[in-house]
Structure formats: C-alpha cells, structure tokens
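Thanks for coming, everyone. I will walk you through one structure today. Please bring it up on your screens.

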Amino acid sequence: MAAARLNPLDLYDVRSLLSDEERMVQDTVGRFVDEKVLPIIGDAFDQARFPTELIPEIANLGLLGATIPEKYGCAGMSGVSYGLICQELERGDSGLRSFASVQSSLVMYPIYAYGSEAQKMEYLPKMAAGEIIGCFGLTEPHGGSDPANMKTHAKKDGGDWVINGAKMWITNGNIAQIAVVWAQTEDGIQGFIVPTDSKGFTAQQIHKKMSLRASVTSALFLDNVRVPDANRLPNVKGLKGPLGCLTQARYGITWGPIGAAQACLKEVIDYTQERVLFGRPLAANQAIQLKLADMARRITTAQLLSLQLGRLKDAGAMQPTQVSLAKWNNCRMAIDIARQCRDILGGAGITTEHGAIRHALNLESVITYEGTETVHELVVGRELTGINAF
C-alpha cells in the first residue's frame, strides 16, 4: 500500500509534537484567518487600511495578551500557543500579526511584568477585550538599534512626570488609547503609561509606505506631556525593561514569518500545477521542483527552531541569543521564499490578487524591526566569542 503523502506545509509533522490545546488554538486562529482575513486583506493592503473591524473577533478569540493569566481577563495560554497565534495571523498578513504582537508583547506584557497591581487590574482586562488599544514608544527618529542613546526624557515635577521627546515607527500609534513610553530619567530609563489624549501628545500617521500597508504606523510627539507618578511602571529601571518586552515580541516574530512563507508556498504549489507552459504544468519542471523543495526545507527548519524555542520559553529557560538566532533565520527564510514565489508567479505575481508580493513587501519590515538581521547576527557572534562588536 502506498504511503500517505506528506503535508507539503509540514513535512516533519511538527503538528504531532503539539498538545491538543495547542492544535485547537492553531485550528481556531487558522479558521479565522481563512474566513475573515484572507477575503479582505489584499484590498486592505492595496488601500493602505488597517482592518479595525477584525479587532473585536481577535479579542473574542482570546488572542490579545494570550499568555497572561486569566486573573487579568486573559487566556493564560502557553508560549507555544502564542507562537502558533502569530504564525496563523501572519499567514494572513504581517500587519495583523504586528497589531497583536504590539498589543500583547509590547504593551500588555510590560504592564503585567513591571506594573503595579492597580495598573494591571485597570488596563489588562480592557486590553484583552480590545476596548483599549496600546502602542509601544521606544524607537526614536535618529535610530532604533541603539536605544541606550534615547533622547526622550521625563522629569519629576511634584507628584507628576513631565515627558518630552519623539518616537518613530510606532505600530498602532494612531488607533491607540494608551502608549507605553520609555524615557530617560535621573534614575535611568523608565516606562510610563501615557493616555494618547493627554495634552501635548500627538500621533502622526506615516504614509507612503510600501510595506505593512495594512497596518497603522505612526510618529509620536510628546511636548511637556504630564502624567501622574501612578502611571510610571514601578518595577523596572534601565534598558532591561524595554529589552525584556522586545524579547517577548521577537519570540512571536520567529513564528510569524513561518505563516507568511507557508502561504506563499501553498499558493505557488497550486499555481504551478494549474499553469501549463510548453504543453505541461510548470510543476513538472525540474527547476520549479528544486525551488519548491528548497522552500519546504527552509520552512521545516524554521518550524523546528521556533517549536524548540517555545518549549524553552515555557520551561523558563529561553535566552535572548536563542531568540535572535530564530528571528534572523526565520525572517531571512520567509523573505527569500516570498521573493522566489513572486518570481515563479511571473507577471501575475506583482498584483495583490496573489499573496507573494504582499508578504515579500511586509517582510522587508519584519526583517528590519525589533532588531535588524545584522544586529541579530552580531548578538549570536557575541555569544560565540564573548566580544561585543557593536
């Protein structure tokens, strides 16, 4: 009897390594992406519009702050489940995964990890429900890879803090009700929960983007913005605060590009079997099969990297260098595959009728944000040599 054919998107049956709950999470988010995201996302990208109408269902599915305990109105899922959420959302579009990543890992996580109990109870349940959207203000206009050189500053004035500065490339900036803003103080870098309707706070949407078009990206300006000390995150000082958040978010980003790459590969497998050139389907050509095989190899490697990273995370043993290795590998894998798929689709591949060009353009941002490829390579190099080269 002939053996059953392998799943072309999961050659090593990584799904069999998941728990029943993890598989259920993946299936639930996958269904949402198939039914609600894919029918509209090409047009949303085309129109440079973030589909805010999807936020209530994303919240109802428990995808916001998914790993935070149920005590705070969240789902209390495993790190692997959160990774699978990111993978399925990015199979839809990187912009959608970016929205969930920022809300979950860059705003809800610091409030949970560094906030007071009062802050957690005030914000986390409403953020999990999608009633409050957040953004994360770390990167500044002069450069993102050197956050220690931060210019934004907060000065104590009686029981308040007065914040001045600018932040750049801020996902969700113009749809957020709160911003977690990191600023230099006399006592080191600290984080502040800043309501976006505060006097002196302005968010300006960034236009003319050729990447993450179905996502809101903003510049933030803080001109003598005053917040009470109760809005300061009390339980962290120094760069380890924002960097700890970024490790959480980067972890999700190691999973996301797997979904984008799978979407491109599936589209191209279907296309090459239907497209007939010189009397036979494109899929019958060795050149095409070699490319498809290479894509499957690289996706499989990325799946195994992220799954083991997730198991380390859930065991409390994940190290930032391990996240850097997977972010570097998996973003590079996905952008190469998306570009290759665009090429195989020929002229048709340049339209948003197909997903490859949209994923390729989005991945130009994903490979850049939260640590460029070069920075992650150097993080691994530092681990190997003990010498910091940046």
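**A first look at the model**

Let me start with one residue, Asp-13. Asp-13 is partly exposed, because its relative accessibility is 43%. Please keep in mind that this is a predicted model. Where does Asp-13 sit? Look in the segment before α1, the helix that covers 20-46. Its backbone deserves a look too. The phi of Asp-13 is near 50 degrees, a positive value, and the residue is not a glycine. Most residues other than glycine have a negative phi.

There is a second case, Asn-224. Here phi is positive as well, at about 55 degrees, and Asn-224 is not a glycine either. You will find Asn-224 in strand β7, residues 217-228. With a relative accessible area of 49%, Asn-224 counts as partly exposed.

Back to the segment before α1. Tyr-12 lies there. Is Tyr-12 buried or exposed? Exposed, with a relative accessible area of 60%. Tyr-12 also belongs to a nonpolar surface patch of about 500 Å². Its partners in the patch are Leu-6, Leu-11, Leu-17 and Leu-304.

Now zoom out to the whole chain. We have ten helices and nine strands. The C-alpha trace spans about 80 × 45 × 40 Å along its principal axes. How does the radius of gyration look for 390 residues? A compact globule of that length would come in near 21 Å, and this chain has 21 Å, so the two agree. Buried residues make up 53% of the 390. Take the contacts with a separation of 6 or more: 74% of them are between residues 24 or more positions apart. The accessible surface is about 17000 Å², and carbon and sulfur atoms account for 53% of that area.

Next, salt bridges. How many does the structure hold? The count is 23. I will show you three pairs and a network.

Pair one is Glu-53 with Arg-49, where the closest N and O atoms are 3.0 Å apart. Glu-53 is partly exposed at 44% relative accessibility. Arg-49 is partly exposed too, at 31%.

Pair two is Lys-167 with Glu-140, again at 3.0 Å from N to O. This pair links distant parts of the chain, 27 residues apart. Lys-167 is in strand β3, residues 160-171, and Glu-140 is in the loop between β1 and β2. Both residues are buried.

Pair three is Asp-187 with Lys-237, at 2.7 Å between the closest N and O atoms. These two are 50 residues apart. Asp-187 is in the loop between β4 and β5, while Lys-237 is in the loop between β7 and α6. Asp-187 has 45% relative accessibility, so it counts as partly exposed. Lys-237, at 38%, is partly exposed as well.

And the network: Arg-298, Arg-332, Asp-336 and Glu-373 are joined by salt bridges that share partners.

Last topic, cysteines. A disulfide is a covalent bond between the sulfur atoms of two cysteines. The cut-off here is 2.5 Å between the sulfurs. How many disulfides does that give? Zero. Cys-86 is in none, and the nearest cysteine sulfur, in Cys-331, is 12 Å away. Cys-86 is buried, with 2% relative accessibility. Why does Cys-341 have no bond with Cys-264? Because their sulfurs are 5.0 Å apart, which is too far, and Cys-264 holds the closest cysteine sulfur to that of Cys-341. Cys-341 is buried as well, at 0%.

Technical notes: Residues numbered from 1 in each chain as written. Predicted model: local features only at pLDDT ≥ 70, side-chain atom pairs only at ≥ 80, totals over all residues. Heavy atoms only, no water. Buried < 20%, exposed > 50% of the residue type's maximum accessible area, 1.4 Å probe, protein only. Helix = DSSP H or I, 4+ residues; strand = E, 2+ residues; numbered from the N terminus. Patch = residues over 30% accessible without salt bridge, like charges linked within 9 Å, V, L, I, M, F, W, Y side chains within 5 Å. Areas by Shrake-Rupley, 256 points an atom, 1.4 Å probe, with all protein chains shown as cover. Salt bridge = Lys/Arg side-chain N within 4 Å of Asp/Glu carboxyl O. Rg over C-alpha atoms; globule rule 2.2 N^0.38 Å. Contact = heavy atoms within 4.5 Å.
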